[in-house]
Amino acid sequence: MVLDSSLSVCAVSAAAERLLATRETEAVNRHITELLVPADAEAQGPANLAAAVTWAAGGDETPRAVTVRPANTFGVRLTARIGSCSPPRAALLVFDGPSR
């Protein structure tokens with residue numbers, strides 16, 4: 001999944017479509033919080049989804065990982081590895097398979 005610095009979805013792979021139970025056409029231009037929520041509501045700092053995406057989309061090269069869950073599903077946790085990609089500057093989220 002690719003996100004811009006405003007946390008809007010720019011692109012979704014077929015694998016991410018399956019994991020998140022959504023289609024790319026329905027996800028593009030939506031805010032990430034409509035699709036993903038932190039699995040740990042207490043997450044702060046580098047473990048915070050919004051902060052990690054914002055830093056990566058701003059060009060910070062430090063890779064980060066956060067635990068998230070699809071907004072429409074309970075009991076499923078995904079590890080999202082987040083890094084910077086460009087051009088233009090954006091954040092790339094790569095999901096590791098679900099755990100229950």
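Is Asp 60 buried, partly exposed or exposed, and what is its relative accessible area? In this predicted model, Asp 60 is partly exposed, because its relative accessible area of 26% falls between the 20% that bounds the buried class and the 50% that bounds the exposed one. The sections below place this residue in its setting.

## Overall layout

The protein contains three helices and six strands, and, read from the N terminus on, these elements follow the order β-β-α-α-β-α-β-β-β. Of the 100 residues in the protein, 36% are buried.

The surface that the protein exposes comes to about 5,400 Å², and carbon and sulfur atoms supply 52% of that area. Among the contacts in the protein with a separation of 6 or more, 45% join residues that are 24 or more positions apart.

## The nonpolar core

In soluble globular proteins, nonpolar side chains tend to be buried together. Here the largest nonpolar core has 25 residues, and those with the most contacts inside it are Met 1, Leu 49, Ile 82, Leu 93 and Phe 95. At least two residues of this core come from each of helix H1 (14-20), helix H3 (49-57), strand E4 (64-70), strand E5 (77-85) and strand E6 (90-99), while H3 gives the most, with five residues.

Leu 49 offers a view of how this core is connected: leaving aside residues up to four places away in sequence, Leu 49 touches Ile 32, Leu 36, Val 66, Val 68, Ile 82 and Leu 93. Two of these partners, Ile 82 and Leu 93, are themselves listed with Leu 49 among the residues that have the most contacts inside the core.

## Arg 64 and the E4-E5 hairpin

Strands E4 and E5 pair in the antiparallel sense over five bridges, and they form a hairpin with six residues between them. In the turn of this hairpin, Gly 75 has a positive phi of about 85°.

Arg 64 lies in strand E4, where it stands opposite Ile 82 in E5. Although arginine carries a charged side chain, Arg 64 counts as buried, because its relative accessibility is 16% and the buried class covers values under 20%. The side chain of Arg 64 reaches the backbone oxygen of Thr 62 at 3.0 Å, and it also meets the side chain of Asp 60 in a salt bridge, with N to O at 3.3 Å.

## Salt bridges

Side chains of opposite charge can pair when their charged atoms come close. A search of the whole structure finds three salt bridges, and one of them is the pair of Asp 60 and Arg 64, in which Asp 60 is partly exposed at 26% whereas Arg 64 is buried at 16%.

In another of these pairs, the side chains of Arg 30 and Glu 34 meet at 2.9 Å, N to O; Arg 30 is partly exposed, with a relative accessible area of 27%, and Glu 34 is partly exposed as well, with 43%.

Arg 81 forms a salt bridge with Asp 96, the closest N and O atoms being 3.3 Å apart. Because Arg 81 lies in strand E5 and Asp 96 in strand E6, this pair ties together parts that are 15 residues apart in sequence. Arg 81 counts as partly exposed at 43% relative accessibility, and Asp 96 is partly exposed with a relative accessible area of 30%.

Conventions
Residues numbered from 1 in each chain as written. Predicted model: local features only at pLDDT ≥ 70, side-chain atom pairs only at ≥ 80, totals over all residues. Heavy atoms only, no water. Core = buried A, V, L, I, M, F, W, Y, C linked by side-chain atoms within 4.5 Å. Buried < 20%, exposed > 50% of the residue type's maximum accessible area, 1.4 Å probe, protein only. Helix = DSSP H or I, 4+ residues; strand = E, 2+ residues; numbered from the N terminus. Contact = heavy atoms within 4.5 Å. Areas by Shrake-Rupley, 256 points an atom, 1.4 Å probe, with all protein chains shown as cover. Polar contact = N/O pair within 3.5 Å; in protein donor to acceptor, adjacent residues only side chain to side chain. Pairing = 2+ DSSP bridges. Salt bridge = Lys/Arg side-chain N within 4 Å of Asp/Glu carboxyl O.
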